[in-house]
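Trainee: I would love a close look at one part of this protein, the empty spaces inside it. Could you walk me through them?

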Amino acid sequence: MKYVSTRGANKDGVSAAYAIKTGLASDGGLFMPEVIPQIDAEYINDLIPLSYPERAAKILSLFLTDYTYEELLEDASGAYAADKFIPSPAPITSLSGGKYMLELWHGPTSAFKDMALQIMPRLFSRALKKTGEQREALILVATSGDTGKAALEGYRDVEGTKIKVFYPIDGVSRVQKMQMQTQEGKNVSVVGIKGNFDDAQTGVKKIFSDEKFAKALSDGGVFLSSANSINWGRLVPQIVYYISAYCDLLRDGAIAEGEKIDVCVPTGNFGNIFAAYIAKLMGAPIDKLVCASNKNNILTDFLRSGVYDRNRAFYTTMSPSMDILISSNLERLLYVLLGHEKCAEYMRKLAAEGKYALPEEDFAKVKESFVGYFTDEEECKATVKATYENENRLIDTHTAIAVSAAERYMSDSEAKSKMLVVSTASPYKFAGDVLLSLSGAKPEDDLLALRALEDRTGVEIPAPLADAISKTPIYTDVIEKNDMASSVSEFALG
């Protein structure tokens with residue numbers, strides 16, 4: 001299996017290990033496999049009796065062909081060990097009205113990013129060896145909250161690597177900030193920036209595209225790579241849990257063999273829902289993909305009009321991990337549907353004008369699989385409350401966005417398919433806003449909201465979050481967004 005750029009570079013293809021090591025293609029595009037491997041009903045049935053690590057190794061081996069199955073099984077078994085994911089990596093629970101919830105937040109940092117970022121550092125370490133890399137890797141991350149902590153935890157003290165995370169100082173929850181600021185490890189750095197997530201992400205992309213900067217680092221024995229979902233090594237493990245979820249629904253009798261399901265994903269950067277789309281392209285019986293957005297509804301507008309326009313107001317919401325106007329993984333969708341030439345053209349327009357518009361024949365291909373909904377702040381709060389009162393289920397504000405979108409889609413379309421709603425974070429990561437949704441008030445200190453929410457609901461605070469709020473912050477630096485490169489250089493070479 002070879003990997004090529006969404007914008008046309010690397011026409012001869014590179015190995016999976018090289019794609020994972022470098023993160024971005026030489027032309028700034030994202031790596032994609034030359035072909036999508038196919039699965040069928042027999043393949044799915046063979047996965048059903050397997051453990052999650054065994055399923056992961058089987059599915060990953062279809063994409064990462066320069067890794068052996070034994071290597072992948074070893075990495076998956078270590079990443080998804082029973083003591084890291086309690087009660088299991090990706091359990092499914094039922095909701096009313098033909099809906100099921102895929103809970104992806106039972107890992108070490110209580111967010112869905114753990115599902116990829118527990119195994120990605122293992123894949124990355126092997127990639128360094130497989131490609132003969134002698135330099136030290138600097139993993140550079142821009143985060144809207146959850147990726148940062150999950151990446152820090154995953155890459156902590158990994159041999160041959162350093163990791164530096166930038167986050168918007170006022171664009172993450174207090175709990176997310178505390179998780180990052182208290183991170184332990186000899187090879188980590190965490191810095192807040194004055195700006196929003198798009199500023200952080202743009203700054204990181206500029207650093208990656210600066211050839212002089214890269215040479216200076218390389219001369220010092222360092223190269224840059226990414227743990228964001230622009231890196232294929234981060235995205236490919238996410239495909240696993242959609243296929244695994246279908247296996248579990250089939251095993252439990254919730255669906256019949258070959259029965260199609262719809263999937264609703266709360267997303268800002270489009271990576272999580274794109275992984276579901278790849279699972280569909282592989283042959284998993286998935287029908288519609290419902291893209292759930294918050295008040296920053298750029299993806300909803302795109303999926304309804306074919307126009308992607310980031311020239312708009314940016315909102316800070318109670319679902320901050322989705323406060324994004326530059327959805328990087330949408331580029332991969334354009335590549336799959338339209339090819340690299342059109343994809344590169346649209347990316348040039350986005351860089352130059354901040355927008356692009358798909359003609360109807362191109363937009364029709366998008367609409368075949370995707371539909372978009374957005375949920376404002378009041379409806380988000382109402383959904384958190386209604387789900388708790390009517391379903392006895394405590395959910396976070398991002399999951400509420402998905403529940404709301406799923407219910408409206410099922411009502412609007414009179415859909416007959418079962419709906420898999422993706423739950424991406426523990427409610428305690430956003431305890432203040434969850435408590436506000438339930439009671440109409442919250443403590444001034446968001447950290448006090450954790451205990452208040454536990455007292456109100458009786459739902460126990462996850463151990464990783466309880467541990468984080470008891471620690472003293474280590475990383476409290478805040479810089480201007482224009483100072484990101486110098487901060488990277490100092491950490492890499494200092």
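Trainee: How do the residues of the lining of the second largest cavity divide into nonpolar, polar and charged?

Mentor: Happy to take you through it, keeping in mind that this is a predicted model. The lining of the second largest cavity divides into 5 nonpolar residues, 5 polar and 1 charged. The residues around this space are L140, A142, Q201, V204, K205, F208, S226, N228, S229, I230 and N269. The cavity itself holds about 60 Å³ of space. Two elements, β5 (136–142) and α9 (197–209), each supply at least two of its lining residues. Of the elements, α9 gives the most, with 4 residues.

To set this in context, let us turn to the rest of the search. Over the whole structure, 3 cavities of 30 Å³ or more are found. The largest has a volume of about 250 Å³. It is lined by 23 residues, and those closest to its centre are F112, K113, R234, N269 and S321. N269 is worth picking out on your screen: this residue is among those closest to the centre of the largest cavity, and N269 also lines the second largest. For the largest cavity, α11 (232–251) and α12 (271–282) each supply at least two lining residues. The lining there divides into 7 nonpolar, 14 polar and 2 charged residues. So when you colour the model by residue type, you can set those counts beside the 5 nonpolar, 5 polar and 1 charged of the second largest cavity.

Methods. Residues numbered from 1 in each chain as written. Predicted model: local features only at pLDDT ≥ 70, side-chain atom pairs only at ≥ 80, totals over all residues. Heavy atoms only, no water. 1 Å grid on protein atoms, 1.4 Å probe; cavity = no way out; pocket = protein on both sides within 12 Å on 5 of 7 lines; lining within 4 Å. Points joined across faces, edges and corners; volume = space filled by probe spheres on them.
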